[in-house]
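Me: Could you take a close look at one part of this model for me? I'd like to hear about the salt bridges, with a word on the pocket as well.

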Amino acid sequence: MANSARTTVYLNPGVYRALKLKSAKSDRTLSDIVNQAVLELLKEDSLDWEAVEKRRGEPSRPFEEVLKDLNREMS
């Protein structure tokens, strides 16, 4: 962790207890678990943005029209 930045994060007490338990059971540090979770979230966001950019030029449909089609399919 020599190249790590230090920060303060405030967690809900229940979340903190669960995180401490996970840390003890998995023999990993809280920092490792939090870093992995944040990295996965950032990767997911990156994939979402890629999908948005890829579809940016596609024509859109009004939401009401989509709802009508869904209701028609369910009937």
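Reply: Here's a walk through the salt bridges, followed by the pocket.

Keep in mind that this is a predicted model. The structure holds five salt bridges, and a good place to start is R61, whose side chain meets that of E65 in one of them, at 3.0 Å from N to O. R61 also pairs with D69, this time at 2.2 Å, N to O. Those contacts belong to something bigger than a pair: salt bridges with shared partners tie R61, E65, D69 and R72 into one network.

How exposed are the members of that network? R61 is partly exposed, at 44% relative accessible area. E65 is partly exposed too, with a value of 39%. As for D69, its relative accessibility is 23%, so D69 still counts as partly exposed, given that buried means under 20%.

Then there's the pairing of E58 with R55, where the side chains meet in a salt bridge at 3.0 Å, N to O. The two partners fall into separate exposure classes here. E58 is partly exposed, with a relative accessible area of 42%. R55 has 53%, and because the exposed class begins over 50%, R55 lands in it. As a bit of background, side chains of opposite charge can pair when their charged atoms come close.

Now for the pocket. The general idea is simple: rolling a probe the size of a water molecule over the atoms shows where empty space is left. In this model, the largest pocket comes out at a volume of about 450 Å³. Its lining is made up of 17 residues, and those nearest the centre are T7, V9, S31, V34 and N35. Two elements, α1 (13–26) and α2 (30–54), each give two or more residues to that lining. Of the contributions, the one from α2 is the largest share, at seven residues.

What is the lining like chemically, in terms of nonpolar, polar and charged residues? Eleven of its residues are nonpolar, five are polar and one is charged.

So if you're going to click around, try R61 with its partners E65 and D69, then move over to the pocket and look around T7, V9, S31, V34 and N35, close to its centre.

Definitions and conventions:
Residues numbered from 1 in each chain as written. Predicted model: local features only at pLDDT ≥ 70, side-chain atom pairs only at ≥ 80, totals over all residues. Heavy atoms only, no water. 1 Å grid on protein atoms, 1.4 Å probe; cavity = no way out; pocket = protein on both sides within 12 Å on 5 of 7 lines; lining within 4 Å. Points joined across faces, edges and corners; volume = space filled by probe spheres on them. Helix = DSSP H or I, 4+ residues; strand = E, 2+ residues; numbered from the N terminus. Nonpolar A, V, L, I, M, F, W, Y, C, P; charged D, E, K, R; others polar. Salt bridge = Lys/Arg side-chain N within 4 Å of Asp/Glu carboxyl O. Buried < 20%, exposed > 50% of the residue type's maximum accessible area, 1.4 Å probe, protein only.
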